[in-house]
Amino acid sequence: GKSTLVRQLVVELEGLGWCVRCSRNALIVDNPIAMVADIERKKDNVCLNKTMLLFLSSHLYDAHKFKKPPTNTVHLQDSSWLRTVAFNVVRGNTEFLSLLEVVITLQPTFDLVIYLTADIESRKKRVLEREHQVPGENDKSDYLAHFDPELLVRNDKALLEAAKRYCGRVDVVDTSILTKGEVLSEVLSLLKNRRMVY
């Protein structure tokens, strides 16, 4: 539901007079390394080391190219380098984690982190819906709810811990029984309560 939420937030925030820029996974929309990494991660015969080096390079590129948004502009980030941290924590890739630690110190900070979660059954349904709507969008890890729910739970826990560790406060929204509109309302309430939108 991250991408759906971001699309809805763009409409809402622009309606409130904000300029909005969005990025998915990489902080820089046209990050050329991230584009290659995304292609590589979806291959059947994916080479983990090659993919991790690409993601590491992509995060470094982001750190050097990212510019703070101008006044009255909101940057919405749909996923980030936090997922790379969680992926490597769960798999015990200590070499990449130590390299990531260096790159993380160069990353911009987030003013607000919203962690969306859902139960396993909801995720099973949603990944199939997304595949139907956008064929080829999912990769093997998107199907963890179907073939390795235990790994999915560990990955989620690592992601939440990484968000708290590197970003401080994290607002958690369980979307399992919420409609898309209810998720949007809850997130807008969080933004208003934090005085980020008026």
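These are my notes on two helix pairs in this predicted model.

Ground rules first. I number residues from 1 along each chain as its sequence is written, and side-chain values use heavy atoms, with hydrogens and water left out. Since the model is predicted, local features need pLDDT of at least 70 and side-chain atom pairs count only at pLDDT 80 or more, while totals for chains, interfaces and linings use all residues.

**Helix 2 and helix 3**

I looked up helix 2 (residues 32–41) and helix 3 (residues 48–65), both DSSP runs (H or I, at least four residues) numbered from the N terminus. Their axes come within 8 Å and cross at roughly 155 degrees; axes are lines fitted to C-alpha atoms over the stretch in contact, and angles run from 0 to 180 degrees between N-to-C directions. The two are therefore roughly antiparallel (angles over 145 degrees). I noted the crossing of helix 2 and helix 3 as left-handed (the near helix is turned anticlockwise from the far one by less than a right angle; clockwise is right-handed). For contact (heavy atoms within 4.5 Å), helix 2 uses Pro32, Ile33, Ala34, Val36, Ala37, Glu40 and Arg41, and helix 3 uses Lys50, Thr51, Leu54, Phe55, Ser57, Ser58 and Tyr61.

**Helix 1 and helix 9**

Next I checked helix 1 (residues 2–15) against helix 9 (residues 180–193): the angle is about 60 degrees, with the axes 10 Å apart. That pair is therefore oblique (outside under 35, over 145 and 65 to 115 degrees). Helix 1 passes helix 9 in a right-handed crossing. Helix 1 brings Thr4, Leu5, Gln8, Leu9 and Glu12 to the contact, and among the helix 9 residues I found Val183, Leu184 and Val187.
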